[in-house]
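The following exercises concern ring pairs and charged pairs in a protein model. Please work through each task before reading its solution.

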Amino acid sequence: MPDKSSQPRSLPRIRVLQVEDSTLDAELVLTELQADGIEYDVRLVDDEPSYVQTLKEFKPHIVLSDLSMPGFSGQRALELLRDHSEEIPFIYVSATLGEEAAIAALREGATDYILKQNPARLASAVRRALREAEEQRARARAEAELIRIQRFESLAMLAGGLSHDLRNLLQPLLLAGDSLHDYQDDPRLARLGALVRDCGRRGLEMVQSMLSFARGARRAEQVKVQALADALSLLLQGSVPRTVTLDIDVADPQLTFEGNHTELQQCLLNLCLNAIQAMPDGGVLRVTTRKAKLDQRFFQEHEEAQPGDFVCLSVSDTGIGITDEVRKRLFEPFFTTKEGGTGLGLLSCRRIVYSHGGVMRMDSIVGEGSCFDLYIPLVRATTDTADLELADIDASLHGNAEHVLLVVEEAGQLTLLSDTLDAWGYEVHGSQSGTAALQWIEACGLPDLVVMDGEMSLFTSERTLAALSQYGYRRGVLVLCRADGSPDSAKLHMPDGNRVRRLNKPVGTRALLHAVRETLRDGKEKSKR
């Protein structure tokens with residue numbers, strides 16, 4: 001019984017354009033295709049006008065051409081075909097093609113050549129040419145999709161920066177609306193408060209909608225790990241030099257998870273291209289996939305991923321490695337060590353992983369190589385990211401004259417936050433910089449609570465926290481930070497290891513009061529230890 005695996009793969013019916021002036025030779029060529037089980041439709045031409053017209057109307061999958069004919073030539077046919085399309089294979093079938101002419105033909109863009117005296121290889125050459133043409137078209141489609149995604153990525157970054165500014169503008173509206181709503185005795189002020197608060201919330205919804213659009217508002221689709229690996233292998237064809245060995249290992253080909261195939265494909269491709277460039281003298285590029293179970297100890301404080309089952313996508317190389325100096329700036333926008341690089345590739349990869357609810361890890365040894373691990377949850381947790389709305393507000397949220405040091409650079413936000421906390425029973429001192437806040441501490445002593453913006457530019461939040469620790473401050477810290485995964489405020493911590501509580505901006509009154517009470521309680525517990 002014949003081995004089915006050795007039989008040629010069946011092709012869909014193909015359209016063959018023959019350039020030949022001998023009917024007998026043309027029939028001999030077609031006999032080879034028939035003997036191999038290739039189904040086809042054929043058009044036979046022997047002059048340039050018919051050839052050009054047939055190219056347009058017949059839309060052939062492949063062209064088989066003699067080298068020389070009266071008034072027409074194979075070289076001219078190849079030239080016209082390449083003007084028409086770079087994708088359609090072209091095979092010379094000629095009795096007069098010498099070795100030098102064959103080499104010249106391949107250099108000019110021919111796919112292959114077959115001697116009429118030995119046509120046995122024709123069918124396999126046709127199959128290979130059609131297969132390579134299909135792979136080339138698939139790469140072109142994938143590359144076009146990647147370019148589209150990269151342009152979308154630039155739009156997402158622009159939208160992210162714009163949303164930051166819009167959130168700062170919306171912050172006073174939300175706080176002012178909540179404050180005016182408390183004046184129920186004056187109907188005009190109450191209506192004005194409701195209007196301002198409603199406008200602020202609608203503005204926030206518009207910002208979120210803009211970000212969702214710019215980030216590609218992901219479809220709910222099942223990503224198959226094996227399909228992801230196959231797509232990556234296809235995209236890397238032609239990009240991996242001969243000195244680099246590519247090793248792709250899929251532990252469980254049937255493993256699937258919810259995500260965006262195109263974004264993860266882009267992410268893995270970026271990491272692989274970086275790895276190739278890190279191996280100028282050659283080496284091994286290894287892509288592996290496996291299932292991993294992560295517990296709470298694995299995650300860093302600012303990461304929102306939940307313990308459970310993950311798929312780990314790893315890209316490693318045996319290249320030059322990453323120095324400590326470069327590692328510190330690795331995810332800094334527009335920082336790059338490559339000539340002509342944008343400095344957005346790794347930042348884009350991390351954003352994609354975070355948007356899937358996952359985390360990213362990197363390990364590197366100078367002179368030995370680097371490894372990037374992407375952990376994507378197999379089951380996405382459903383969380384409500386809206387600001388806390390405490391319908392049953394009670395006296396427990398009122399302050400007891402605790403001293404609150406408020407550090408916010410923007411004057412309008414500083415005033416509204418101060419007024420809000422003051423109205424709810426706190427003694428507030430407002431400072432527009434970390435240095436002014438430290439001067440107040442020197443004069444008045446340590447406060448019960450520090451509330452600060454996580455994105456100050458003059459005297460940064462990180463430096464302010466370090467200075468507070470040096471002054472002996474061991475109580476609660478509440479940081480107002482961005483809610484879009486920005487690492488700037490997410491990485492803030494006290495040098496002594498004390499936990500920093502975070503509140504996403506824009507901040508509503510109820511969410512603010514709740515976070516203040518919780519942070520004060522944390523501070524009291526710390527002081528008892």
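The model is predicted: local features need pLDDT of at least 70, side-chain atom pairs count only at pLDDT 80 or more, and totals for chains, interfaces and linings use all residues. Residues are numbered from 1 along each chain as its sequence is written, and side-chain values use heavy atoms, with hydrogens and water left out.

**Exercise 1.** Determine whether Phe90 is buried or exposed.

Solution. Buried means under 20% relative accessible area, exposed over 50%, and partly exposed in between (1.4 Å probe, protein chains only). Phe90 has a relative accessibility of 0%, so this residue counts as buried. Tyr92 is likewise buried, because its relative accessible area is 0%.

**Exercise 2.** Classify the ring pair of Phe299 and Phe310.

Solution. Rings of Phe, Tyr and Trp (its six-membered ring) pair if their centres lie within 6.5 Å; planes under 30 degrees apart count as stacked, over 60 as edge-to-face and the rest as tilted. The centres of Phe299 and Phe310 are 5.9 Å apart and the planes stand at 45°, so the pair is tilted.

**Exercise 3.** State which residue forms a salt bridge with Asp112, and compare the burial of the partners.

Solution. A salt bridge is a side-chain nitrogen of Lys or Arg within 4 Å of a carboxyl oxygen of Asp or Glu. Asp112 meets Arg128 at 2.8 Å, N to O. Asp112 has a relative accessible area of 8% and is therefore buried, whereas Arg128, at 26%, is partly exposed.
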